[in-house]
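Visitor: Hi, I'm new to this one. Can you walk me through it?
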Amino acid sequence: MNRSWFGFIFCFLLLSYSSLQQTAEKKKRNGRKDSANNSAIEELRRQVSDLAQELNILKEQQALHTVCLRGTKIIGKCFLAEPVKKSFYAASEDCIAKGGVLSTPTSGYENDQLYDYVHQSIGPGEHIWLGISDAVTDGQWLDHSGSSVRFKNWETDITLQPDGGRSQNCAILSTTANGRWFDESCRAERASVCEFNIV
């Protein structure tokens with residue numbers, strides 16, 4: 001009887017050990033499954049986030065193209081005229097609110113295109129704000145990003161622009177002077193053109 005009892009206990013322990021091993025193996029497999037599931041969920045979250053970002057970019061591009069349809073396109077940019085006259089800072093804030101900046105030609109070609117657009121959309125004899133200022137340091141003209149202006153188209157034949165010193169810290173493009181630039185008081189009210197970078 002002792003032997004059979006001993007055999008029974010041995011079988012019970014053997015079955016218990018086997019059962020524990022199977023449970024541990026299942027936990028390992030489930031742990032791997034949980035880990036794989038967590039990885040898959042994280043990957044899906046990342047993909048959804050990427051898709052949401054792409055959708056936002058597409059929405060911005062669509063809005064930009066809609067804006068550009070009302071204005072004119074040149075290489076890498078579009079211009080949108082704002083004929084309502086405002087101070088430099090009010091005009092600048094309006095452009096920023098629309099997702100652009102005050103127009104700032106970086107080449108003779110861009111300046112000519114801007115001049116033609118202003119002449120046609122706002123009218124001959126109008127002046128528009130440019131997105132440059134020397135308000136920080138007199139004589140050092142900076143664009144909206146704070147970078148020094150490389151291309152300049154000042155009117156230098158008759159009035160030797162810029163000539164306003166500390167009282168004229170903002171710049172305008174004049175259609176009466178064939179797209180030449182003049183310095184102007186930032187408080188003056190002028191029309192403007194917002195520019196938007198396009199791909």
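Guide: Sure, and keep in mind that this is a predicted model. Let's begin with the largest pocket: its lining divides into 5 nonpolar, 7 polar and 4 charged residues.

Visitor: Which residues lie nearest the centre of that pocket?
Guide: Those are T104, T106, D143, H144 and E195, out of 16 lining residues.

Visitor: And what's the volume of the largest pocket?
Guide: About 230 Å³.

Visitor: Which strand gives the largest share of the lining?
Guide: That's strand β8, residues 190-197, which supplies 3 residues.

Visitor: OK, new topic. Is strand β6 largely enclosed or open?
Guide: Strand β6 covers residues 170-174, and 5 of its 5 residues are buried, so the rest of the structure largely encloses it.

Visitor: Which way do the residues of β6 point?
Guide: C170, I172 and S174 point one way, while A171 and L173 point the other way. Both sets are buried.

Visitor: What does β6 pair with?
Guide: One partner is strand β4, residues 127-133, which pairs with β6 in the antiparallel sense over 4 bridges. There, W129 has I172 of β6 as its bridge partner. Strand β7, residues 180-184, also runs antiparallel to β6, and 5 bridges join them.

Visitor: Which residue of β7 stands opposite A171?
Guide: D183 does.

Visitor: How many residues sit between the strands in the hairpin of β6 and β7?
Guide: There are 5, and in that hairpin N178 takes a positive phi near 55 degrees.

Terms used. Residues numbered from 1 in each chain as written. Predicted model: local features only at pLDDT ≥ 70, side-chain atom pairs only at ≥ 80, totals over all residues. Heavy atoms only, no water. Buried < 20%, exposed > 50% of the residue type's maximum accessible area, 1.4 Å probe, protein only. Helix = DSSP H or I, 4+ residues; strand = E, 2+ residues; numbered from the N terminus. Pairing = 2+ DSSP bridges. 1 Å grid on protein atoms, 1.4 Å probe; cavity = no way out; pocket = protein on both sides within 12 Å on 5 of 7 lines; lining within 4 Å. Points joined across faces, edges and corners; volume = space filled by probe spheres on them. Nonpolar A, V, L, I, M, F, W, Y, C, P; charged D, E, K, R; others polar.
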